[in-house]
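Okay, thanks for coming, everyone. Let me put the structure up, and then I'll talk through the cysteines and a bit of helix packing.

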Amino acid sequence: MTASHSDSLVVLFGATAGAYGAKLGSDERELILLVWQVVDLPSKKVGTLHKSLVKADNLELSDQCREVSGLTAEGLGKAEPLDRVLQQFIQLVSSDLKVFGRNSYTLCSDGQLLIRQVLHPETSKKNFLLSDCFYSFYDLRKEFHTCYPSSAAVKDQTIKTMAEYLGLGTDEAEEDFGVWQVKTMVAIIFSMLSENCDHIFTDPETVKYKYETGPCSKSETVDSETVIRARGLPWQSSDQDIARFFKGLNIAKGGVALCLNAQGRRNGEALVRFVNSEQRDLALERHKHHMGSRYIEVYKATGEEFLKIAGGTSNEVAQFLSKENQVIIRMRGLPFTATQEDVLGFLGPECPVTGGKEGLLFVKYPDGRPTGDAFVLFSCEEYAQNALKKHKEILGKRYIELFRSTAAEVQQVLNRYMSTPLIPTLPTPIIPVIPPPYTIATGSIRDCVRLRGLPYTAGIDDILDFMGDATADIKPHGVHMVLNQQGRPSGDAFIQMKSADKAFMVAQKCHKKMMKDRYVEVFQCSGEEMNFVLMGGTLNRSGLSPPPCKLPCLSPPAYAAFQTAAVIPAEAALYQPQALLPTARTPQASAAAPPAVTYYPAQAAQLYMNYTAYYPSPPVSPTTVGYLAAPPGAVAAAATATHTPLLPQPGALVRMQGLPYNTGMKEILSFFQGYQYAPDDYNGLIQLSEQARSVLQAPKEWVCL
């Protein structure tokens, strides 16, 4: 009996200092034990059984490891490190093969975990290469199920269950840990090679040597069972860094898609597509494993999400990415007049571009104007490294930024710019929503409460359930969730109560009460303190720290009187203004049918804070603001006087193009110094009654959109 791949198997078993069995490798613990034995398939003979301890960097053993293996930290301290043990492994296997007159072999392990989840990740982190023999192996559980289809499912198999199925009378207690496992695996293999089964080992598992780049079309079908989302990545990480994090698992060609934020910069997330669901499930076991000093969160994702990020339809991009196994570099900040010759000259002869001009892709707006971005192809890592050394060197009068990039990032950037409108305007979907009766209080009365430590999955309904009977004392539209800069829940919320006494009672009753699996802290606070936090400030035991927009170095002093700007999201464009704004009621109608209490706006009217202002941590408390910032008294008076939407008139906005990338709000304010609006200039911005206009007779203010 022979195997088509090789004439010999090396039965391999290993253990780490942490989890054992189905969770092997899931806790990032290091390898501490290797046991192996050569099996000659034609003669059905075995070589010498070898057992080798491995000295880990961290000799602390888990309770499960000590109990199952019987190993101690003192014994491991005298062992050799992993790189030397693997060298000895290769030498001893070669010696055993010579006895049988063989020169090739394939590893055979109990499942996938030892090879994929332990050896490959650990050697990658310790920066040494594994021998080629570790990139191909037989999974004994799969081979056993193929030979005995009526046995348990592959995922439920263990060495013990396979031995029991065959009726092998081996006693685990009589042998050392690892020795019994290898001897039993050898006995199972011999049973599979018997005349009754006549099994042939022909289809080994493979581990990819390196990640292959490539384009992805939106017309492709991507199985959702093969995609994960990795979160918490260093912003400078590349697709190769992510592939290295998942070393040992087979990523599909072009299967790493780095996600970008609204400004076109990486947001620390990536979608990764694997070759099958089995590899995806193994990837999920690496949740909170480390990339350098950062832990990476790994979650399930969908094929639709992957195509949204990585898929493209442009023939120009497809042709650019058709050259496989190229290193992609992104150039940012190019002069708008830069040509292909200018870029090639900037890179120089030490980093030749693949295909010359064909290896350059300039990113442009739909009307053909350059964006200042370009992508460049290099045939090898050496040329790419030479190009990266030119980071922030000068081309023309501008410094150029260079970063590693991916095929998915090329698609994202092109898709983003090609879908950008030629002239950004204020279309009808961008409408003010100013519900005058429900403004956030700004006084010092402590009629509000702050909830801190909310579960990130908590919603408005969870908060209302948490407060119980006190829900009846919440002001209409008085629940304000706070988001972080990435638009995710920050764990904080503010609630406006009907009186200070009600707020005090809620704080006493609900403080450290459990919501889901977390306790929530509840503090009484004032409307002024709430406003500070909602606008980006901090509130803690040390007192109040004002938001950035209140700091004198960033903003004119009177700007503190303005409200925040909010914009209806794009999806709300499906609704007419009448559908979003409350309809006017006559006094008779209001008396006959009083409106029901609403704690939060309807889904169609959800507003999101304008991220382009000063606020590093914008709130999601959209019921009290309009997109046009103006003194609150003026807005209230205007809303009282008329129901006409407060849209700006022509000439109210100024568009600035060609700003340096590092320009801040302070530089823009300085640029327009001396051009503040005079009181009469407000007439062209909003429709005001005489009562509202009198409010504006004050020192000149800034109106920011």
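So, a disulfide here is a pair of cysteine sulfur atoms within 2.5 Å. Keep in mind that what you're looking at is a predicted model. How many disulfides do we get by that rule? The count comes to 0.

Take Cys 197. Its nearest cysteine sulfur belongs to Cys 147, and that one is 3.5 Å away, so with the cut-off at 2.5 Å, Cys 197 is in no disulfide. Is Cys 197 buried, exposed or something in between? With a relative accessible area of 25%, Cys 197 is partly exposed. Cys 65, on the other hand, sits at 5% relative accessibility, and because buried means under 20%, Cys 65 counts as buried.

Zooming out for a second. The protein has 705 residues, and 48% of them are buried. In terms of secondary structure, you've got 22 helices and 27 strands. And if you take the contacts between residues at least 6 apart in sequence, 73% of them join residues at least 24 apart.

Now the helices. Two packed helices get described by the angle between their axes and the distance between those axes, and I'll do that for two pairs.

First pair: H5, residues 140-147, against H7, residues 179-193. The axes are 11 Å apart and the packing angle is about 30°. Angles under 35 degrees count as roughly parallel, so that's what we call H5 relative to H7. The crossing is left-handed. Who's touching whom? From H5 it's Leu 140, Glu 143, Phe 144 and Cys 147, and from H7 it's Met 185, Ile 188, Ile 189 and Met 192. Yes, that's the Cys 147 from before, the one whose sulfur is nearest to that of Cys 197. Sorting that H5–H7 contact by type gives 7 nonpolar residues, no polar ones and 1 charged.

Second pair: H6, residues 159-166, with H7 again. Here the axes come within 10 Å and cross at roughly 40°, which makes H6 oblique to H7. This crossing of H6 and H7 is left-handed. On the H6 side you have Ile 159, Lys 160, Met 162, Ala 163 and Leu 166. They meet Trp 180, Gln 181, Thr 184, Met 185, Ile 188 and Ser 191 of H7. The breakdown for H6 with H7 is 7 nonpolar, 3 polar and 1 charged.

One last thing to look for on the screen: Met 185 and Ile 188 of H7 are in the contact with H5, and they turn up in the contact with H6 too.

Definitions and conventions:
Residues numbered from 1 in each chain as written. Predicted model: local features only at pLDDT ≥ 70, side-chain atom pairs only at ≥ 80, totals over all residues. Heavy atoms only, no water. Axes fitted to C-alpha atoms, helices over the stretch in contact; angles between N-to-C directions. Helix = DSSP H or I, 4+ residues; strand = E, 2+ residues; numbered from the N terminus. Parallel < 35°, antiparallel > 145°, perpendicular 65-115°, else oblique. Left-handed = near helix turned anticlockwise from the far one by under 90°. Contact = heavy atoms within 4.5 Å. Nonpolar A, V, L, I, M, F, W, Y, C, P; charged D, E, K, R; others polar. Buried < 20%, exposed > 50% of the residue type's maximum accessible area, 1.4 Å probe, protein only.
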